Amino acid sequence: MYLTMFLSSVGFSIVIMSVWPYLQKIDPTADASFLGWIIASYSIGQMVASPLFGLWSNYRPRREPLVISTAISVAANCLYAYVHVPHSHNKYYMLTARALVGFGAGNVAVVRSYIAGATSLTERTSAMANTSACQAVGFILGPVFQTCFTLIGEEGVTWKFLRLQLNMYTAPVLFGALLGVVNIILIFAIFREHRVDDMGRQYKSVNSDGEGTSNAEGSIDHVAVVALNILFFVILFVFAVFETIATPLTMDMYSWTRKEAVFYNGIILSVIGIESVIVFMVVKTLSKKTGERAILHAGLLTVLVGFFILLPWGKKLPNIQWQEIKNNSIPRTAPSEMLAPFWNLPELQLSSNHTGEPVGCPVTQSWCLNTPMIYLAQYISSDVLIGLGYPVCNVMSYTLYSKVLGPKPQVSKGVYMGWLTASGSGARILGPVFVSQIYTHLGPRWAFSLICGVVVVSLLLLEIVYKRLIAFSVRYGRMQEENC
């Protein structure tokens, strides 16, 4: 199950760096807005599939949805490798391929449901932390795999009898397909159904309560369930915003070129990924002393501070692209009427750097003319804090959710886990849309202020439902809270 979670993350991240140049190569009619749909299609597919696979796992052995979903991902990766073959509408084939990869990744709900049902209450935090760590490692290694395959080059090798081009764009997805085949083999060879109650006593049946019916008596706290779905949505939403904003923010604020932004942010995100894995390991021990609710509260506060630090302060403005051309002959605080003659001069968008690429904050973003820059120290500090808070919130919300569900029949647990995964997928769809609109038109001050507001509301929600976020067995007096 850990491997399945890892492969799900790799499937998302392994093509993130190359999807735009590959799209431009196979279909020149595609623009940047269509790229956004291709990126979002993965999460849309996962959001649709998660409840379906969760429901499937309620009534049938989990091996079935696991194998079928992984097979869909394998086929979708192979389709991605062949999107260059059609003579037209190639971008839609790519869109379909990425959506199907995401659909296959909907098995995350089955994985989480299995782990929640196969662990006792005392084991669950550690198991959930390991699962989240595998997911984080997948996000880290996906771009690393992609970087290694760039050595093949854009042309690569062509096998005409298969009509297959093995190059830097197709090799990663074919590698992902190979890993998927290995995963299917392991599911058949190693995977075994297993289910225990909160005390660790094994059930005879994995899809019903069987002999443990008495342990599952009582209803699930649906207020707690809805609250945790909202909190999980917020957690993934703010992190999706953070990931999306990194490249345009650094290009605008620090005059980085596209290559520099991808390279430096890649290093930063890799370090954050390593930090996250360490945090996943630490919270397993820490939660035994303080409890999951307190750690979730601390994680949200850390994320709030991280985004608050990103708010622009001071008086220094970012470099404007046309200023470099004019050798700073126009003051940065020039009123709008002084800028009017320059709006329709395309040559002012040319850069004076050695690459010939426009750098700095585009004058077309009006906020660049009056919003102070975000210093690099602010950005790095924010990265560290968000990289600390996000994994804490992620694993604690999952753990609390599984404990609130308790040893109820898998008819409940599979579907509920599916909805939680769907909430996360929805957040990864809306996050980039939100930030692209607010940041582009209103600037970082509005974007990060709204994010801070969202996190504050989530903290208030946590305070309201704090006492309800307890394990099912604790709620009905079958276990003491200190053992949870």
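Cys368 is buried in this predicted model, because its relative accessibility of 1% falls under the 20% cut-off for burial. Cys368 also has a partner: together with Cys361 it forms a disulfide, and the structure holds 1 such link. The points below start with that pair, then turn to two further cysteines and to helix 1.

**The disulfide**
- The sulfur atoms of Cys361 and Cys368 lie 1.8 Å apart.
- If you like to check torsions, the one about the S-S bond is -60°, and the link of Cys361 and Cys368 is left-handed.
- Cys361 counts as buried because its relative accessibility is 0%.
- As general background, a disulfide is a covalent bond between the sulfur atoms of two cysteines.

**Two further cysteines**
- Cys393 has a relative accessible area of 1%, so this residue is buried.
- Cys452 comes out at 10% relative accessibility and therefore counts as buried, since the cut-off is under 20%.

**Helix 1**
- Helix 1 runs over residues 2–13 and has 12 residues.
- From its first C-alpha to its last, helix 1 reaches 17 Å, which is close to the 16 Å expected at 1.5 Å a residue.
- How much of helix 1 is covered? Helix 1 is mostly covered, with 10 of its 12 residues buried.
- Which residues of helix 1 are buried? They are Thr4, Met5, Phe6, Leu7, Ser8, Ser9, Val10, Gly11, Phe12 and Ser13.

Methods
Residues are numbered from 1 along each chain as its sequence is written. This is a predicted model: local features need pLDDT of at least 70, side-chain atom pairs count only at pLDDT 80 or more; totals for chains, interfaces and linings use all residues. Side-chain values use heavy atoms; hydrogens and water are left out. Helices (H or I, at least four residues) and strands (E, at least two) are DSSP runs, numbered from the N terminus. The expected span of a helix is 1.5 Å times one less than its number of residues. Buried means under 20% relative accessible area, exposed over 50%, partly exposed in between (1.4 Å probe, protein chains only). A disulfide is a pair of cysteine sulfur atoms within 2.5 Å.
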